[in-house]
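The exercises below ask you to work through a few features of one model, step by step. Please look at the sequence and the structure before reading each solution.

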Amino acid sequence: MPPYSQPPDEGIDEPFQAHSDQVAEIIHRAIEKAGGAIDFSEFMERALYSPGWGYYMTDQPKLGAGGDFITAPELGSGFGSCIARQVEEVLEQIDGGEVFEVGGGSGALAHSVLNTLADRDALPDRYWLLEVSPALRQQQKRRLGALGSDLASRVAWTESLPEPGFRGVVLGNEVLDAMAVSRFRIVDDLPRRLLVSSDGEDFYWALDKPDHDFAAACYQRIGEDRLEEGYESEIGLRAEGWIASMGERLEAGCLLLVDYGFPSREFFHPERSRGTLRTHSRHHADENVFKRVGTQDITAHVDFSAVARAGTGVGLEVEGYTQQGAFLLSLGLLDHAADKTQQAYLQATAEIRRLTLPSDMGELFKVIALGRGLTSLLSGFALQDHSLRL
Ligand SMILES: C[S@@+](CC[C@H](N)C(=O)[O-])C[C@H]1O[C@@H](n2cnc3c(N)ncnc32)[C@H](O)[C@@H]1O
(Lines give C-alpha, C1' and ligand atoms only; values in the text may rest on other atoms or scores of the structure.)
Protein backbone atom coordinates (compact mmCIF):
# COMPACT_ATOMS: atom_id res chain seq x y z
CA MET A 1 0.00 0.00 0.00
CA PRO A 2 2.40 2.83 1.02
CA PRO A 3 4.17 4.94 -0.30
CA TYR A 4 1.39 7.39 -0.86
CA SER A 5 0.37 10.98 -1.37
CA GLN A 6 -2.04 13.19 0.51
CA PRO A 7 -5.63 13.48 -0.77
CA PRO A 8 -6.19 16.24 -3.35
CA ASP A 9 -9.57 17.31 -2.04
CA GLU A 10 -12.16 16.73 0.64
CA GLY A 11 -14.99 15.80 -1.78
CA ILE A 12 -16.90 12.54 -1.87
CA ASP A 13 -19.27 11.39 -4.67
CA GLU A 14 -22.98 11.25 -3.88
CA PRO A 15 -23.53 7.46 -3.89
CA PHE A 16 -20.45 7.12 -1.66
CA GLN A 17 -21.82 9.79 0.66
CA ALA A 18 -25.10 7.87 1.06
CA HIS A 19 -23.17 4.67 1.73
CA SER A 20 -20.89 6.41 4.19
CA ASP A 21 -23.90 7.93 6.01
CA GLN A 22 -25.33 4.42 6.40
CA VAL A 23 -22.11 2.99 7.89
CA ALA A 24 -21.76 6.03 10.16
CA GLU A 25 -25.33 5.46 11.35
CA ILE A 26 -24.50 1.82 12.25
CA ILE A 27 -21.59 3.07 14.35
CA HIS A 28 -23.52 5.96 15.96
CA ARG A 29 -26.11 3.39 17.10
CA ALA A 30 -23.41 1.08 18.48
CA ILE A 31 -21.92 4.00 20.43
CA GLU A 32 -25.32 4.93 21.82
CA LYS A 33 -25.97 1.30 22.83
CA ALA A 34 -22.58 1.15 24.56
CA GLY A 35 -23.48 4.17 26.66
CA GLY A 36 -21.64 6.91 24.76
CA ALA A 37 -18.26 5.55 23.63
CA ILE A 38 -16.61 2.46 22.10
CA ASP A 39 -13.01 1.31 21.81
CA PHE A 40 -11.36 2.41 18.55
CA SER A 41 -10.92 -1.27 17.59
CA GLU A 42 -14.70 -1.63 17.51
CA PHE A 43 -15.03 1.52 15.37
CA MET A 44 -12.42 0.16 12.93
CA GLU A 45 -13.98 -3.32 12.88
CA ARG A 46 -17.42 -1.90 12.08
CA ALA A 47 -16.12 0.59 9.47
CA LEU A 48 -14.28 -2.18 7.62
CA TYR A 49 -16.33 -5.32 8.24
CA SER A 50 -19.97 -4.48 9.17
CA PRO A 51 -21.94 -7.17 7.27
CA GLY A 52 -23.19 -5.80 3.96
CA TRP A 53 -21.86 -2.27 4.57
CA GLY A 54 -18.28 -2.25 5.86
CA TYR A 55 -15.49 -1.16 3.50
CA TYR A 56 -14.36 -4.73 2.72
CA MET A 57 -17.91 -6.08 2.50
CA THR A 58 -19.07 -4.20 -0.62
CA ASP A 59 -18.53 -4.77 -4.36
CA GLN A 60 -16.61 -1.51 -4.89
CA PRO A 61 -13.15 -2.23 -6.36
CA LYS A 62 -10.45 -2.07 -3.68
CA LEU A 63 -7.22 -3.40 -5.18
CA GLY A 64 -5.34 -2.32 -8.29
CA ALA A 65 -5.31 0.76 -10.50
CA GLY A 66 -9.12 1.13 -10.52
CA GLY A 67 -9.42 0.69 -6.76
CA ASP A 68 -8.03 2.37 -3.65
CA PHE A 69 -4.58 0.83 -3.25
CA ILE A 70 -2.10 -1.53 -4.86
CA THR A 71 -0.39 -4.46 -3.19
CA ALA A 72 2.70 -6.47 -4.17
CA PRO A 73 0.82 -9.41 -5.78
CA GLU A 74 -1.11 -6.94 -7.96
CA LEU A 75 2.09 -5.63 -9.56
CA GLY A 76 2.79 -8.87 -11.46
CA SER A 77 3.82 -12.45 -10.80
CA GLY A 78 7.34 -11.75 -9.41
CA PHE A 79 6.29 -11.47 -5.76
CA GLY A 80 4.21 -14.66 -5.89
CA SER A 81 6.89 -16.66 -7.67
CA CYS A 82 9.39 -15.89 -4.86
CA ILE A 83 6.81 -16.69 -2.16
CA ALA A 84 6.20 -19.99 -3.99
CA ARG A 85 9.89 -20.89 -3.78
CA GLN A 86 9.83 -20.30 -0.04
CA VAL A 87 6.64 -22.36 0.29
CA GLU A 88 8.22 -25.20 -1.69
CA GLU A 89 11.24 -25.26 0.61
CA VAL A 90 9.09 -25.38 3.78
CA LEU A 91 6.87 -28.13 2.38
CA GLU A 92 9.98 -30.15 1.46
CA GLN A 93 11.28 -29.84 5.03
CA ILE A 94 8.04 -31.22 6.50
CA ASP A 95 7.48 -33.88 3.80
CA GLY A 96 4.56 -32.16 2.09
CA GLY A 97 1.50 -30.32 3.31
CA GLU A 98 -0.99 -27.62 2.44
CA VAL A 99 -1.05 -23.87 1.87
CA PHE A 100 -3.55 -21.74 3.80
CA GLU A 101 -3.81 -18.17 2.53
CA VAL A 102 -5.60 -15.61 4.66
CA GLY A 103 -7.12 -12.46 3.14
CA GLY A 104 -6.22 -13.40 -0.42
CA GLY A 105 -7.62 -10.17 -1.95
CA SER A 106 -8.21 -10.56 -5.68
CA GLY A 107 -6.58 -14.02 -5.75
CA ALA A 108 -3.44 -12.64 -7.44
CA LEU A 109 -1.01 -14.18 -4.94
CA ALA A 110 -2.68 -17.61 -5.05
CA HIS A 111 -2.63 -17.44 -8.85
CA SER A 112 1.11 -16.87 -9.15
CA VAL A 113 2.05 -19.17 -6.25
CA LEU A 114 0.06 -22.05 -7.80
CA ASN A 115 1.44 -21.45 -11.30
CA THR A 116 5.03 -21.35 -10.03
CA LEU A 117 4.60 -24.46 -7.88
CA ALA A 118 3.05 -26.29 -10.86
CA ASP A 119 6.03 -25.31 -13.06
CA ARG A 120 8.37 -26.67 -10.37
CA ASP A 121 6.34 -29.85 -9.87
CA ALA A 122 5.82 -28.93 -6.23
CA LEU A 123 2.06 -28.39 -5.89
CA PRO A 124 0.58 -28.65 -2.39
CA ASP A 125 -2.19 -31.16 -1.69
CA ARG A 126 -4.59 -28.29 -1.09
CA TYR A 127 -4.51 -24.47 -1.36
CA TRP A 128 -7.02 -23.04 1.12
CA LEU A 129 -8.32 -19.47 1.08
CA LEU A 130 -9.94 -17.79 4.07
CA GLU A 131 -11.47 -14.48 3.06
CA VAL A 132 -13.92 -12.44 5.15
CA SER A 133 -15.00 -10.24 2.23
CA PRO A 134 -17.77 -11.87 0.12
CA ALA A 135 -16.93 -9.63 -2.85
CA LEU A 136 -13.23 -10.54 -2.77
CA ARG A 137 -14.10 -14.23 -2.31
CA GLN A 138 -16.14 -14.07 -5.55
CA GLN A 139 -13.25 -12.36 -7.31
CA GLN A 140 -10.89 -15.12 -6.10
CA LYS A 141 -13.30 -17.81 -7.33
CA ARG A 142 -13.48 -16.25 -10.79
CA ARG A 143 -9.74 -15.80 -11.08
CA LEU A 144 -8.65 -19.17 -9.72
CA GLY A 145 -11.51 -21.05 -11.42
CA ALA A 146 -9.88 -20.07 -14.73
CA LEU A 147 -6.70 -21.99 -13.86
CA GLY A 148 -6.28 -25.42 -15.49
CA SER A 149 -8.33 -28.17 -13.84
CA ASP A 150 -5.37 -29.76 -12.03
CA LEU A 151 -4.67 -26.45 -10.30
CA ALA A 152 -8.25 -25.31 -9.80
CA SER A 153 -9.22 -28.63 -8.19
CA ARG A 154 -6.64 -28.08 -5.43
CA VAL A 155 -8.13 -24.72 -4.40
CA ALA A 156 -10.78 -24.60 -1.67
CA TRP A 157 -12.44 -21.87 0.41
CA THR A 158 -13.13 -22.03 4.11
CA GLU A 159 -14.70 -19.72 6.67
CA SER A 160 -12.68 -20.85 9.64
CA LEU A 161 -9.09 -21.28 10.78
CA PRO A 162 -7.55 -24.72 10.10
CA GLU A 163 -8.15 -27.55 12.53
CA PRO A 164 -5.33 -28.17 15.04
CA GLY A 165 -2.69 -30.39 13.45
CA PHE A 166 -2.31 -28.25 10.32
CA ARG A 167 0.88 -29.01 8.39
CA GLY A 168 2.02 -26.53 5.78
CA VAL A 169 2.40 -22.81 5.17
CA VAL A 170 0.01 -20.08 6.32
CA LEU A 171 0.35 -17.07 4.00
CA GLY A 172 -0.82 -13.53 4.64
CA ASN A 173 0.14 -10.46 2.64
CA GLU A 174 -1.08 -7.14 4.08
CA VAL A 175 -3.62 -8.87 6.32
CA LEU A 176 -2.30 -7.91 9.75
CA ASP A 177 -2.50 -4.20 8.88
CA ALA A 178 -6.21 -4.65 8.13
CA MET A 179 -6.98 -6.01 11.62
CA ALA A 180 -8.56 -3.62 14.12
CA VAL A 181 -6.25 -1.89 16.61
CA SER A 182 -6.76 -0.10 19.93
CA ARG A 183 -5.38 3.43 20.38
CA PHE A 184 -3.79 5.04 23.41
CA ARG A 185 -2.54 8.43 24.56
CA ILE A 186 0.01 9.00 27.31
CA VAL A 187 -1.59 11.06 30.09
CA ASP A 188 0.27 11.64 33.37
CA ASP A 189 2.78 8.99 32.30
CA LEU A 190 0.06 6.38 31.85
CA PRO A 191 -1.21 4.97 28.51
CA ARG A 192 -4.95 5.67 28.45
CA ARG A 193 -7.34 4.08 25.93
CA LEU A 194 -8.67 6.45 23.23
CA LEU A 195 -12.36 5.79 22.69
CA VAL A 196 -14.70 7.00 19.95
CA SER A 197 -17.77 8.97 21.00
CA SER A 198 -20.46 10.63 18.93
CA ASP A 199 -23.10 13.39 19.04
CA GLY A 200 -25.23 11.45 16.53
CA GLU A 201 -23.65 13.34 13.60
CA ASP A 202 -19.90 13.43 14.06
CA PHE A 203 -17.35 11.21 15.76
CA TYR A 204 -14.91 12.43 18.43
CA TRP A 205 -11.97 11.01 20.33
CA ALA A 206 -12.62 10.53 24.04
CA LEU A 207 -10.19 9.55 26.75
CA ASP A 208 -11.07 6.48 28.83
CA LYS A 209 -10.57 6.45 32.59
CA PRO A 210 -7.23 5.03 33.80
CA ASP A 211 -7.16 1.25 33.33
CA HIS A 212 -4.09 -0.47 34.76
CA ASP A 213 -4.54 -3.71 32.79
CA PHE A 214 -4.68 -1.76 29.51
CA ALA A 215 -1.68 0.36 30.54
CA ALA A 216 0.28 -2.80 31.38
CA ALA A 217 -0.58 -4.26 27.95
CA CYS A 218 0.73 -1.07 26.31
CA TYR A 219 3.91 -1.02 28.39
CA GLN A 220 4.60 -4.66 27.52
CA ARG A 221 4.69 -3.60 23.85
CA ILE A 222 6.39 -0.20 24.27
CA GLY A 223 9.21 -1.61 26.41
CA GLU A 224 11.43 0.47 28.66
CA ASP A 225 11.41 3.71 26.66
CA ARG A 226 9.56 6.57 28.26
CA LEU A 227 7.06 8.21 25.90
CA GLU A 228 6.24 11.91 26.10
CA GLU A 229 3.02 13.29 27.52
CA GLY A 230 0.38 13.33 24.74
CA TYR A 231 2.13 10.65 22.66
CA GLU A 232 -0.42 8.55 20.74
CA SER A 233 -0.09 5.17 19.11
CA GLU A 234 -1.78 1.79 18.62
CA ILE A 235 -1.56 -1.78 19.85
CA GLY A 236 -2.73 -4.63 17.64
CA LEU A 237 -4.28 -7.04 20.12
CA ARG A 238 -6.50 -8.70 17.49
CA ALA A 239 -3.63 -9.43 15.13
CA GLU A 240 -1.64 -10.89 18.04
CA GLY A 241 -4.59 -13.06 19.12
CA TRP A 242 -5.01 -14.23 15.53
CA ILE A 243 -1.32 -15.21 15.31
CA ALA A 244 -1.54 -17.14 18.57
CA SER A 245 -4.66 -19.04 17.36
CA MET A 246 -3.05 -19.80 14.02
CA GLY A 247 0.21 -20.82 15.71
CA GLU A 248 -1.56 -23.21 18.07
CA ARG A 249 -3.10 -24.97 15.09
CA LEU A 250 0.22 -25.33 13.28
CA GLU A 251 1.75 -28.76 13.88
CA ALA A 252 4.61 -28.28 11.40
CA GLY A 253 5.54 -25.64 8.84
CA CYS A 254 5.33 -21.88 9.19
CA LEU A 255 3.33 -18.68 9.15
CA LEU A 256 4.80 -16.47 6.42
CA LEU A 257 3.54 -12.92 6.89
CA VAL A 258 4.35 -9.82 4.85
CA ASP A 259 3.31 -6.33 5.86
CA TYR A 260 4.48 -2.77 6.45
CA GLY A 261 5.78 -2.05 9.90
CA PHE A 262 8.73 -2.05 12.27
CA PRO A 263 10.15 -3.69 15.40
CA SER A 264 8.66 -2.11 18.56
CA ARG A 265 11.66 0.18 19.16
CA GLU A 266 10.98 1.90 15.83
CA PHE A 267 7.20 1.53 16.04
CA PHE A 268 7.11 3.48 19.32
CA HIS A 269 9.84 5.89 18.23
CA PRO A 270 9.56 9.28 20.00
CA GLU A 271 9.11 10.98 16.62
CA ARG A 272 6.16 8.77 15.63
CA SER A 273 4.06 10.59 18.21
CA ARG A 274 0.73 10.46 16.31
CA GLY A 275 0.89 6.70 15.66
CA THR A 276 0.50 4.93 12.33
CA LEU A 277 -3.23 4.96 11.54
CA ARG A 278 -3.88 5.72 7.87
CA THR A 279 -6.82 5.73 5.50
CA HIS A 280 -6.58 4.82 1.83
CA SER A 281 -8.95 5.94 -0.87
CA ARG A 282 -8.31 6.15 -4.63
CA HIS A 283 -4.55 5.81 -4.14
CA HIS A 284 -4.33 8.65 -1.63
CA ALA A 285 -3.58 8.36 2.06
CA ASP A 286 -4.92 10.47 4.89
CA GLU A 287 -5.10 10.32 8.67
CA ASN A 288 -8.74 11.26 9.25
CA VAL A 289 -10.40 7.95 10.12
CA PHE A 290 -13.73 9.65 10.90
CA LYS A 291 -14.19 10.84 7.31
CA ARG A 292 -15.79 8.78 4.46
CA VAL A 293 -16.52 6.01 6.99
CA GLY A 294 -17.03 2.66 5.26
CA THR A 295 -15.84 3.94 1.86
CA GLN A 296 -12.14 4.18 2.67
CA ASP A 297 -9.69 1.61 3.99
CA ILE A 298 -8.27 2.06 7.50
CA THR A 299 -4.94 0.49 8.38
CA ALA A 300 -2.21 0.59 11.00
CA HIS A 301 1.43 -0.39 10.63
CA VAL A 302 2.47 -3.67 12.23
CA ASP A 303 4.57 -3.97 15.39
CA PHE A 304 6.67 -6.99 14.37
CA SER A 305 8.13 -7.47 17.85
CA ALA A 306 4.59 -8.03 19.15
CA VAL A 307 3.92 -10.38 16.22
CA ALA A 308 7.04 -12.40 17.05
CA ARG A 309 6.10 -12.54 20.76
CA ALA A 310 2.57 -13.74 19.90
CA GLY A 311 4.15 -16.58 17.91
CA THR A 312 6.83 -17.56 20.41
CA GLY A 313 4.17 -17.46 23.14
CA VAL A 314 2.56 -20.53 21.54
CA GLY A 315 5.85 -22.32 20.90
CA LEU A 316 6.69 -21.09 17.38
CA GLU A 317 10.23 -20.07 16.48
CA VAL A 318 11.20 -16.93 14.61
CA GLU A 319 12.72 -18.52 11.49
CA GLY A 320 13.59 -15.13 10.02
CA TYR A 321 12.63 -11.45 9.84
CA THR A 322 13.79 -9.16 7.09
CA GLN A 323 12.92 -6.41 4.64
CA GLN A 324 10.80 -7.41 1.66
CA GLY A 325 13.47 -6.38 -0.87
CA ALA A 326 16.14 -8.61 0.70
CA PHE A 327 13.68 -11.50 1.08
CA LEU A 328 12.63 -11.45 -2.58
CA LEU A 329 16.18 -11.00 -3.89
CA SER A 330 17.30 -13.97 -1.73
CA LEU A 331 14.64 -16.05 -3.46
CA GLY A 332 15.76 -15.14 -6.99
CA LEU A 333 13.50 -12.18 -7.84
CA LEU A 334 15.98 -11.06 -10.52
CA ASP A 335 15.30 -14.30 -12.46
CA HIS A 336 11.86 -12.85 -13.06
CA ALA A 337 13.33 -10.50 -15.70
CA ALA A 338 15.39 -13.20 -17.43
CA ASP A 339 14.56 -14.64 -20.87
CA LYS A 340 11.88 -12.10 -21.66
CA THR A 341 10.95 -10.16 -24.79
CA GLN A 342 11.67 -6.44 -24.59
CA GLN A 343 8.17 -5.36 -23.50
CA ALA A 344 7.88 -8.12 -20.86
CA TYR A 345 11.43 -7.33 -19.69
CA LEU A 346 10.53 -3.66 -19.15
CA GLN A 347 7.43 -4.67 -17.17
CA ALA A 348 9.37 -7.16 -15.06
CA THR A 349 12.12 -4.67 -14.22
CA ALA A 350 9.53 -2.03 -13.27
CA GLU A 351 7.91 -4.58 -10.96
CA ILE A 352 11.27 -5.54 -9.43
CA ARG A 353 12.07 -1.89 -8.75
CA ARG A 354 8.75 -1.30 -6.98
CA LEU A 355 9.11 -4.43 -4.86
CA THR A 356 12.71 -3.80 -3.80
CA LEU A 357 13.65 -0.11 -3.86
CA PRO A 358 13.97 1.40 -0.36
CA SER A 359 11.95 4.42 -1.51
CA ASP A 360 9.10 2.12 -2.57
CA MET A 361 8.13 -1.22 -0.94
CA GLY A 362 11.61 -2.65 -0.41
CA GLU A 363 12.35 -1.53 3.16
CA LEU A 364 9.11 -0.49 4.83
CA PHE A 365 7.58 -3.88 4.07
CA LYS A 366 8.90 -6.74 6.18
CA VAL A 367 8.63 -10.52 6.04
CA ILE A 368 8.46 -12.68 9.13
CA ALA A 369 8.44 -16.49 9.27
CA LEU A 370 7.20 -18.12 12.47
CA GLY A 371 7.75 -21.85 12.30
CA ARG A 372 7.50 -25.18 14.02
CA GLY A 373 9.40 -28.37 13.20
CA LEU A 374 11.60 -26.87 10.46
CA THR A 375 14.96 -28.50 10.00
CA SER A 376 17.08 -25.85 8.24
CA LEU A 377 17.35 -22.12 7.58
CA LEU A 378 14.93 -20.61 5.09
CA SER A 379 16.44 -19.23 1.88
CA GLY A 380 14.37 -16.01 2.02
CA PHE A 381 16.54 -14.84 4.92
CA ALA A 382 19.89 -15.78 3.37
CA LEU A 383 20.90 -12.24 2.33
CA GLN A 384 19.69 -10.53 5.50
CA ASP A 385 18.07 -11.60 8.76
CA HIS A 386 17.11 -8.90 11.28
CA SER A 387 15.49 -11.25 13.83
CA LEU A 388 17.74 -9.84 16.56
CA ARG A 389 16.17 -6.40 16.11
CA LEU A 390 12.76 -7.69 17.17
C1 LIG B 1 -5.13 -5.00 2.30
S2 LIG B 1 -6.05 -6.36 1.75
C3 LIG B 1 -4.76 -7.41 1.14
C4 LIG B 1 -5.24 -8.37 0.07
C5 LIG B 1 -4.20 -9.33 -0.51
N6 LIG B 1 -3.57 -10.15 0.48
C7 LIG B 1 -3.17 -8.60 -1.31
O8 LIG B 1 -2.01 -8.54 -0.90
O9 LIG B 1 -3.51 -8.07 -2.37
C10 LIG B 1 -6.53 -7.14 3.27
C11 LIG B 1 -7.25 -8.45 3.09
O12 LIG B 1 -7.38 -9.12 4.35
C13 LIG B 1 -8.72 -9.59 4.49
N14 LIG B 1 -8.93 -9.82 5.94
C15 LIG B 1 -8.85 -8.94 6.94
N16 LIG B 1 -9.04 -9.53 8.14
C17 LIG B 1 -9.18 -10.85 7.89
C18 LIG B 1 -9.38 -11.99 8.71
N19 LIG B 1 -9.48 -11.91 10.03
N20 LIG B 1 -9.49 -13.20 8.11
C21 LIG B 1 -9.41 -13.30 6.76
N22 LIG B 1 -9.23 -12.25 5.92
C23 LIG B 1 -9.12 -11.05 6.49
C24 LIG B 1 -9.53 -8.52 3.78
O25 LIG B 1 -10.82 -8.91 3.45
C26 LIG B 1 -8.64 -8.31 2.54
O27 LIG B 1 -8.83 -9.32 1.58
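A salt bridge is a side-chain nitrogen of Lys or Arg within 4 Å of a carboxyl oxygen of Asp or Glu. The model used here is predicted.

**Exercise 1.** Decide whether the side chains of R238 and E45 meet in a salt bridge, and find where the two residues lie.

*Solution.* Begin with the distance: the N to O separation between R238 and E45 is 2.9 Å, and the pair counts as a salt bridge. Next, place the partners: R238 belongs to helix α8 (residues 237-249) and E45 to helix α2 (residues 40-49), so the pair ties together parts that are 193 residues apart in sequence. Finally, consider accessibility: R238 is partly exposed at 37% relative accessible area, and E45 is partly exposed as well, at 29%.

**Exercise 2.** Examine the salt bridge between E232 and R274, and name the network to which these residues belong.

*Solution.* The closest N and O atoms of E232 and R274 are 3.6 Å apart. The pair links distant parts of the chain, with E232 in strand β9 (residues 232-235) and R274 in the loop between α9 (264-267) and β11, 42 residues apart. E232 is buried, with 8% relative accessibility. Widening the view, R183, R185, E232, E234 and R274 are linked in a network of salt bridges.

**Exercise 3.** Find the nearest side chain of opposite charge to E319, and describe the surroundings of E319.

*Solution.* First locate E319, which is found in strand β15 (residues 317-323). This residue is buried yet has no salt bridge, and the nearest side chain of opposite charge, that of R372, is 9.1 Å away. Leaving out residues up to four places away in sequence, E319 touches several residues, including A369, L370, G371, R372 and D385.

**Exercise 4.** Identify which residues touch the most other members of the largest nonpolar core, and which element gives the most to this core.

*Solution.* The largest nonpolar core has 44 residues, and within it I83, L171 and L256 touch the most other members. Several elements each supply at least two residues of this core, among them α3 (78-93), β5 (166-173) and β10 (250-262). The most comes from α3, which gives seven residues. To see one member in its setting, take L256, whose contacts include I83, V169, L171, F327 and I368, when residues up to four places away in sequence are not counted. Apart from the largest core lies another core, of 28 residues, among them V23, I38, A47 and V181.

Notes
Residues are numbered from 1 along each chain as its sequence is written. This is a predicted model: local features need pLDDT of at least 70, side-chain atom pairs count only at pLDDT 80 or more; totals for chains, interfaces and linings use all residues. Side-chain values use heavy atoms; hydrogens and water are left out. Helices (H or I, at least four residues) and strands (E, at least two) are DSSP runs, numbered from the N terminus. Buried means under 20% relative accessible area, exposed over 50%, partly exposed in between (1.4 Å probe, protein chains only). Lys and Arg count as positive and Asp and Glu as negative; His and the chain ends are not counted. Contact means heavy atoms within 4.5 Å. A nonpolar core is a set of buried Ala, Val, Leu, Ile, Met, Phe, Trp, Tyr and Cys residues joined through side-chain atoms within 4.5 Å.
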